[in-house]
Amino acid sequence: MSTIETAVLLEREAATGNPPHSTPKIPPFKIRNITIDPPLVLSPMAGVTDVAFRALLKRCGGIGLTVSEFISVEGLTRSNPKSKRQMRFHEYERPFAVQIFGGQVERMCMAAAMAQEIGADILDINCGCPAPKVVKHGGGSGLLRDVPRLEIILRELRKVVTIPLTIKIRAGFTDSTINALEVARLAEDCGVEHIALHGRTKEQGYRGLANWDLVRQIKEAVKVPVSGSGDVTSIEGAFEKWHETGCDGILIGRGAMQNPWIFRQIDDANHGREVFQPTLEDKRALLLEYFDLLREDMPELPAIGRMKQLAGHFTKGLLGGSRFRTALYHSHTVAEILTRIDEYFDHVREGRMYMGEEDAAMEDMTEPVLDSCEAAIG
Ligand SMILES: Cc1cc2nc3c(=O)[nH]c(=O)nc-3n(C[C@H](O)[C@H](O)[C@H](O)COP(=O)(O)O)c2cc1C
């Protein structure tokens with residue numbers, strides 16, 4: 001492109017308000033013919049990434065792929081209403097993956113066909129959940145300690161669905177039986193078209209740090225795209241992982257609850273754009289929008305519960321956030337929640353203290369933090 005052409009393009013983009021054209025440092029990637037652009041995935045989180053949360057996050061921008069919460073194949077194939085609800089998605093989410101979990105090949109195949117039928121772009125298999133209830137029935141990370149059964153499941157699933165089949169795995173079942181590399185090779189051989197690794201073992205739960213070197217090893221060992229998951233909470237963290245591992249995509253879970261704009265910010269940095277910094281008003285609007293989305297989707301009581309859950313993460317590090325969380329914790333109606341949000345943001349905007357936040361010894365009362373898939377399935 002000539003200098004004049006470039007200047008014209010930049011001028012046109014400035015006039016239309018579009019961000020200046022630039023080549024991203026980290027390119028999009030493809031799962032078969034589906035482009036994941038930006039190469040950033042909202043990591044599946046049971047009890048969190050339902051249709052309302054994904055809508056909210058998608059509106060914040062920067063997400064290339066959304067994934068459902070993990071859905072029980074037992075529930076789906078026995079017409080459990082909760083499992084069916086968990087498959088709902090918005091058209092604007094596409095590409096969208098349905099993640100299923102289970103240990104029985106027939107049930108897995110039936111559920112896979114259902115996911116394809118409702119229009120999911122991708123079918124993802126959960127091979128990582130550490131919850132005893134899931135593992136006991138051979139699902140989640142239970143599949144990592146029974147690789148022959150995993151192979152049968154993957155080969156049968158491959159016959160059942162025509163959409164891309166992907167898996168999300170952990171490093172291994174126990175710290176002394178790390179087999180992610182072996183599982184990744186096997187999965188590729190079975191026709192799996194994307195591998196996401198959360199580099200902790202089932203034994204580790206959520207303790208310690210995720211092992212991203214395993215992501216690098218898998219990326220070097222297979223031809224299908226590979227993404228990494230675990231502990232990415234900043235722009236720098238994301239680029240560090242990309243550079244260290246050469247992985248295609250990055251999944252972000254808990255970091256997105258604390259900062260729903262993290263994907264957009266990474267995408268901005270990736271394109272050399274000024275990084276979006278939410279204002280206080282953006283933060284207030286986000287909480288209100290989430291509450292609206294929740295109430296459209298569920299009865300008041302669970303909506304209030306979900307709202308408190310996000311607020312618990314989202315207000316970490318905000319001025320007076322601790323008092324705000326406590327105030328929300330004590331709110332039991334929609335009106336109370338809305339009043340507390342208004343009060344809090346008005347106080348902060350006007351530079352006033354929120355309910356005596358100077359009191360360093362105050363108690364931080366919040367909903368119990370939902371920090372794993374175990375909590376969601378009870
Ligand atoms: C509350 C919660 C629920 C989760 N549920 C799922 C799930 O349903 N499916 C799945 O593959 N991983 C699940 N995970 C794991 C995350 O997708 C992710 O791999 C892990 O939290 C590490 O990434 P992070 O540090 O970005 O959160 C869950 C994690 C949390 C905290």
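Me: A residue is buried if 20 or more other C-beta atoms lie within 10 Å of its own, exposed if 12 or fewer, and partly exposed in between, with C-beta atoms placed from the backbone. What makes S7 mostly covered?

Reply: In S7, 8 of its 8 residues are buried. The model is predicted: local features need pLDDT of at least 70, side-chain atom pairs count only at pLDDT 80 or more, and totals for chains, interfaces and linings use all residues. Residues are numbered from 1 along each chain as its sequence is written.

Me: How many helices and strands does the protein have?

Reply: There are 17 helices and 10 strands. They are DSSP runs numbered from the N terminus (helices: H or I, at least four residues; strands: E, at least two). Of the 378 residues of the protein, 47% count as buried.

Me: Why is strand S8 described as largely enclosed?

Reply: Strand S8 covers residues 195–201, and 7 of the 7 are buried, so the rest of the structure largely encloses it. One side carries Ile195, Leu197, Gly199 and Thr201, the other Ala196, His198 and Arg200, and all of these are buried. In general, side chains in a regular strand alternate between the two faces of the sheet.

Me: How do you know that S7 and S8 are joined?

Reply: Strand S7 (residues 165–172) and S8 are parallel, with 5 bridges joining them. Two strands pair if DSSP finds at least two bridges between them, so this count qualifies. Within the pair, arginine 170 is opposite histidine 198 of S8. Between the two strands the chain passes through helix H8 (residues 180–189), in a right-handed β-α-β crossover. Right-handed means that, with the strands pointing away from the viewer, the path from the first strand over the helix to the second runs clockwise.

Me: In which sense do S8 and strand S9 pair?

Reply: S8 and S9 (residues 226–229) are parallel, with 4 bridges. Histidine 198 has serine 229 as its bridge partner in S9. The link from S8 to S9 goes through helix H9 (residues 213–221), and this β-α-β crossover is also right-handed. On another strand, S6 (residues 122–127), 5 bridges make a parallel join to S7, and leucine 123 is opposite leucine 165 there.

Me: What makes helix H2 mostly covered?

Reply: Of the 10 residues of H2 (residues 51–60), 8 are buried. Among them are Phe53, Arg54, Leu56 and Leu57. The buried residues pack against strand S3 (40–42), S4, H11, helix H12 (262–270) and helix H13 (280–297). Such packing is judged by contact (C-beta atoms, placed from the backbone, within 7 Å). Just after H2, glycine 61 has a positive phi of about 95°.

Me: Which residues are closest to the ligand?

Reply: The shell holds 27 residues, and the closest are Ser43, Phe70, Gly253, Arg254 and Cys373. A residue is near a molecule or strand if its C-beta atom, placed from the backbone, lies within 6 Å of it. Strand S4 (65–72), helix H11 (254–258) and helix H17 (373–377) each give two or more residues to the shell.

Me: Why is the ligand placed where it is, relative to domain 1 and domain 2?

Reply: Domain 1 (23–270) and domain 2 (280–377) both supply residues to the shell, so the ligand lies between them. The bounds come from an automatic or database domain assignment.

Me: Is aspartate 342 buried or exposed?

Reply: Aspartate 342 has 12 other C-beta atoms within 10 Å, so it is exposed. Its place is in helix H16 (residues 334–349). Its C-alpha atom is 8.0 Å from that of arginine 284, and the two are 58 residues apart along the chain.

Me: How do arginine 32 and serine 79 count by their C-beta neighbours?

Reply: Arginine 32 has 14 such neighbours inside 10 Å and so counts as partly exposed, while serine 79 has 8 and so counts as exposed. Arginine 32 has a positive phi of about 55° although it is not a glycine, and serine 79 likewise has a positive phi of about 55°. Arginine 32 is in the loop between strand S1 (29–31) and S2, and serine 79 is in the loop between helix H3 (73–77) and H4.

Me: What is the omega of the peptide bond from aspartate 37 to proline 38?

Reply: That omega is near 0°, and the bond is cis. Proline 38 is in the loop between strand S2 (34–36) and S3. The bond from arginine 94 to proline 95 is cis as well, with omega near -5°.

Note on methods: Contact = placed C-beta atoms within 7 Å.
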